[in-house]
Amino acid sequence: MKIYTKHSKQNLPITKKEAWDFLSDPKNLATITPDYMGFNILSGADRPMFAGQIIQYIVTPILGIKTKWVTEITHVKEGEYFVDEQRFGPYALWHHKHFIKEIDGGVEMEDIIDYKVPMGWLGQLVHPFIVKPKLDEIFEYRTKKLNELFGNFK
């Protein structure tokens, strides 16, 4: 069983509270997800984030195929980090840690995703050609969008 890791960091010239308020609101996920993915929250985003929260989405990650994705917010430390885990969806495993740290002139956001692709050796075979590039593209879009919304870090 191969588990992959996606690690991303981005600095923004905003306060820790501004970063937390934006990133911990599930409704903002659509803003930082590429439009072609057809990201749509079905349920669970009607309250401030809490451990045990279940959020259901529809996404269209590849070839126009709509996929239901159900995640659970498993850990929350207000203003510092939260963890979401896939309960049902396109991955065999999805564990996503979001950290926010105050730095000079703003915040550092760090994401660590541990994931496993489905379909055994076939999934591992297509990972470098489909899954990894798609995740990289989504995070590049997110970086660009957050810079547009909040400005570039100096």
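These legends accompany close-up views of a predicted model.

**View 1. Helix H2 and its bend at His127.** Helix H2, which spans residues 120-150, bends by about 75° at His127, and the proline Pro128 follows within four residues. Several residues of H2 are buried, among them Gly123, His127, Val131, Leu135 and Ile138, and what covers the buried residues of this helix includes strand S1 (4-12), helix H1 (16-23), strand S6 (93-103) and strand S7 (106-116). After the helix comes Gly151, whose phi is positive, near 95°.

**View 2. The salt bridge between Asp111 and Arg142.** The side chains of these two residues, Asp111 and Arg142, meet at 2.3 Å, N to O. Asp111 lies in strand S7 and Arg142 in helix H2, so the salt bridge ties together parts of the chain that are 31 residues apart in sequence. Asp111 is buried, with a relative accessible area of 3%, and Arg142 is also buried, with a relative accessible area of 9%. Elsewhere, salt bridges that share partners join Lys6, Lys132 and Asp136 into one network.

**View 3. Salt bridges of Lys97 and of Arg87.** The structure holds 11 salt bridges, including one in which the side chains of Lys97 and Asp114 meet at 3.0 Å, N to O. Because Lys97 lies in strand S6 and Asp114 in strand S7, this pair ties together parts that are 17 residues apart in sequence; Lys97 is buried, with a relative accessible area of 17%. Another salt bridge brings the side chains of Arg87 and Glu85 together at 3.2 Å, N to O, where Arg87 is partly exposed at a relative accessible area of 34%, whereas Glu85 is buried at 19%.

**View 4. The aromatic pair of Phe39 and Tyr57.** The structure holds 10 aromatic pairs, and in this one the ring centres of Phe39 and Tyr57 are 5.0 Å apart with their planes at 45°, so the pair is tilted. Phe39 sits in the loop between H1 and strand S2 (40-43), while Tyr57 belongs to strand S3 (residues 54-59), and the pair thereby links distant parts of the chain, 18 residues apart. Both Phe39 and Tyr57 are buried.

**View 5. The aromatic pair of Tyr81 and Phe99.** This pair, Tyr81 with Phe99, is tilted, with 5.9 Å from centre to centre and 45° between the planes. Tyr81 lies in strand S5 (residues 81-88) and Phe99 in strand S6, so parts that are 18 residues apart in sequence are tied together. Tyr81 is partly exposed, with a relative accessible area of 28%, and Phe99 is partly exposed as well, at 29%. Ring pairs also link Tyr4, Trp69, Tyr91, Trp94 and Tyr115 into a cluster.

Conventions. Residues numbered from 1 in each chain as written. Predicted model: local features only at pLDDT ≥ 70, side-chain atom pairs only at ≥ 80, totals over all residues. Heavy atoms only, no water. Bend = angle between axes of the 7 residues up to and from the residue. Helix = DSSP H or I, 4+ residues; strand = E, 2+ residues; numbered from the N terminus. Buried < 20%, exposed > 50% of the residue type's maximum accessible area, 1.4 Å probe, protein only. Contact = heavy atoms within 4.5 Å. Phe/Tyr/Trp six-rings, centres within 6.5 Å; stacked < 30°, edge-to-face > 60°. Salt bridge = Lys/Arg side-chain N within 4 Å of Asp/Glu carboxyl O.
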